[in-house]
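Reader: Hello! I would like a close look at the ligand site of this structure and at the parts of the fold around it. Could you walk me through them?

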Amino acid sequence: MAWTVAGKTILITGASRGIGFEAGVALAQLGARVVLVGRDRARTDAAVDAVRSRTGARVTSYLCDFSSQASIRELAAAVRRDHPVLHVLVNNAGGVQKRRTVTVDGLETTFATNHLGYFLLTNLLLDIVIGSAPARIVTVASVGHRSGTIHFDDLGLEDGYGILKAYSQSKLANVLFAAELARRLDGTGVTSNSVHPGSVDTNIWTGTPLWAKPIVAVLLRPWFITAEAGGATIVQLAASVDLDGVTGLYFEKQKPVAPSAAAENRATATRLWEVSAKLVGLEPQATAAARRP
Ligand SMILES: NC(=O)c1ccc[n+]([C@@H]2O[C@H](COP(=O)([O-])OP(=O)(O)OC[C@H]3O[C@@H](n4cnc5c(N)ncnc54)[C@H](OP(=O)(O)O)[C@@H]3O)[C@@H](O)[C@H]2O)c1
């Protein structure tokens, strides 16, 4: 594979460990200036030190809690101040919640973090990404989107919460968001694609409920790929020359494939965009044309 990121600035969220961290290492090795975003100071500093010592690259970092819109706005303001040029944005931070919890903004945590976090940060940085074109936006989704439904009448799942129901809804939202973003970015030189990184041996699986732990251990874990291999799926979308100009696609096993029928529904994507804009306090029209925080 040939790469296109030497000297380019790449921001990765959820980079304190797991897939995002390994993508940071690999992209730094390819000569990119990586900007790592984590939530915990100690874990993020350790990630920065590890990328520096493994690659010798220049690395910067920020802290952000993606379950808080105020925290995302602070991150966006700091990134805009320090990095007026941003060639690749990797939306990756995410997780699962065993029980229904609510964020400081009063929203169900999985939807708020995994989807609205991507949506708000992307829109707050969109004008500088467009100004840096050719540029790319990579959205880390999941094959789990295939069992997802967007519960427009109960996005917060107050009428029946389940860990998989919440996670698959949020990951379907990721695929819909990336595709809608690609359509809205048409003609800007910025591409938008989403990716399932594989079933990857990371910390996310510690969120598995007790009843499901034996199933994961026996049936799934033997097939897990390493975090490094999971990170490579991000690296492909962020950096492969072969994907220059390629947009609006969903990838599994490093190949573009059709997502679920629900993920291809344009009316759902448009409605989700409008609802999301309201939930984060942005005008739907303004979000398309890039807006300052
Ligand atoms: N692992 C898999 O099999 C798999 C499969 C499909 C999709 N994915 C997706 O891959 C992405 C990365 O997951 P992973 O497997 O690498 O899991 P991970 O090892 O748990 O890493 C998740 C990253 O997201 C950060 N994060 C979680 N919640 C956050 C919040 N509220 N604010 C800020 N940062 C937050 C974590 O920070 P901390 O270090 O502070 O926890 C960590 O850096 C997720 O979007 C996940 O849905 C994973």
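Author: Happy to; what follows starts at the ligand and then moves outward through the helices, strands and a loop. Please keep in mind that this is a predicted model.

Let us begin with the ligand itself. There are 31 residues around the ligand, and the ones that come nearest are Ser16, Arg39, Arg43, Tyr167 and Thr202. In the case of Ser16, an N or O atom of the side chain is 2.6 Å from an oxygen atom of the ligand. Tyr118 also uses its side chain, with an N or O atom 3.3 Å from a ligand oxygen. Phe66 takes part through its backbone instead: an N or O atom there lies 2.8 Å from a nitrogen atom of the ligand. How much of the ligand does the protein bury? Taken alone, the ligand exposes 890 Å², and 96% of that is buried by the protein. Helix H1 (18-29), H4 and helix H5 (163-184) are the elements that each give two or more residues to the shell around the ligand.

Helix H5 is a good place to go next, and Asn174 is found in it. Asn174 counts as buried because its relative accessibility is 0%, under the 20% cut-off. Along the chain, Asn174 and Tyr118 are 56 residues apart, yet their C-alpha atoms are separated by 8.0 Å. Beyond its neighbours within four places in sequence, Asn174 is in contact with Tyr118, Asn114 and His115, and also with Thr139, Val140 and Ala141.

Now for the nonpolar interior. The largest nonpolar core has 81 residues, and Leu27, Leu36, Leu121 and Leu125 touch the most other members. H4 supplies the largest share of this core, 12 residues. Leu121 shows what such a position reaches: leaving aside neighbours within four places in sequence, its contacts are Leu11, Thr13, Phe66, Ile72, Leu75, Ala76, Leu89 and Asn91. Phe66, then, is a contact of Leu121 as well as a backbone partner of the ligand.

Ile72, Leu75 and Ala76 lead us to helix H3 (residues 69-82), where they are buried along with Gln69, Ser71, Ala78, Val79 and Arg80. H3 has 14 residues and reaches 20 Å from its first C-alpha to its last, close to the 20 Å expected. The cover over its buried residues includes strands S1 (9-13), S2 (33-38) and S3 (59-63), as well as helices H4 (109-131) and H8 (266-280).

Strand S1 holds Thr9, which counts as buried because its relative accessibility is 6%, under 20%. Not counting residues up to four places away in sequence, Thr9 touches Arg33 and Val35, together with His83, Val85, Leu86, His87 and Val88.

Finally, consider H7, which is mostly covered, with 10 of its 13 residues buried. Among those are Gly230, Gly231, Ile234, Val235 and Leu237. The buried residues of H7 pack against H1, strand S4 (88-91), strand S5 (135-140), strand S6 (190-195) and S7. From its first C-alpha to its last, H7 reaches 18 Å, close to the 18 Å expected. Ser240 sits in the loop between helix H7 (227-239) and strand S7 (250-252). With a relative accessible area of 1%, Ser240 is buried. Outside the residues up to four places away in sequence, Ser240 touches Met1, Ala2, Trp3, Thr4, Arg136 and Val235.

Methods:
Residues numbered from 1 in each chain as written. Predicted model: local features only at pLDDT ≥ 70, side-chain atom pairs only at ≥ 80, totals over all residues. Heavy atoms only, no water. Helix = DSSP H or I, 4+ residues; strand = E, 2+ residues; numbered from the N terminus. Expected span 1.5 Å × (residues − 1). Buried < 20%, exposed > 50% of the residue type's maximum accessible area, 1.4 Å probe, protein only. Contact = heavy atoms within 4.5 Å. Core = buried A, V, L, I, M, F, W, Y, C linked by side-chain atoms within 4.5 Å. Near = heavy atom within 4 Å. Polar contact = N/O pair within 3.5 Å; in protein donor to acceptor, adjacent residues only side chain to side chain. Areas by Shrake-Rupley, 256 points an atom, 1.4 Å probe, with all protein chains shown as cover.
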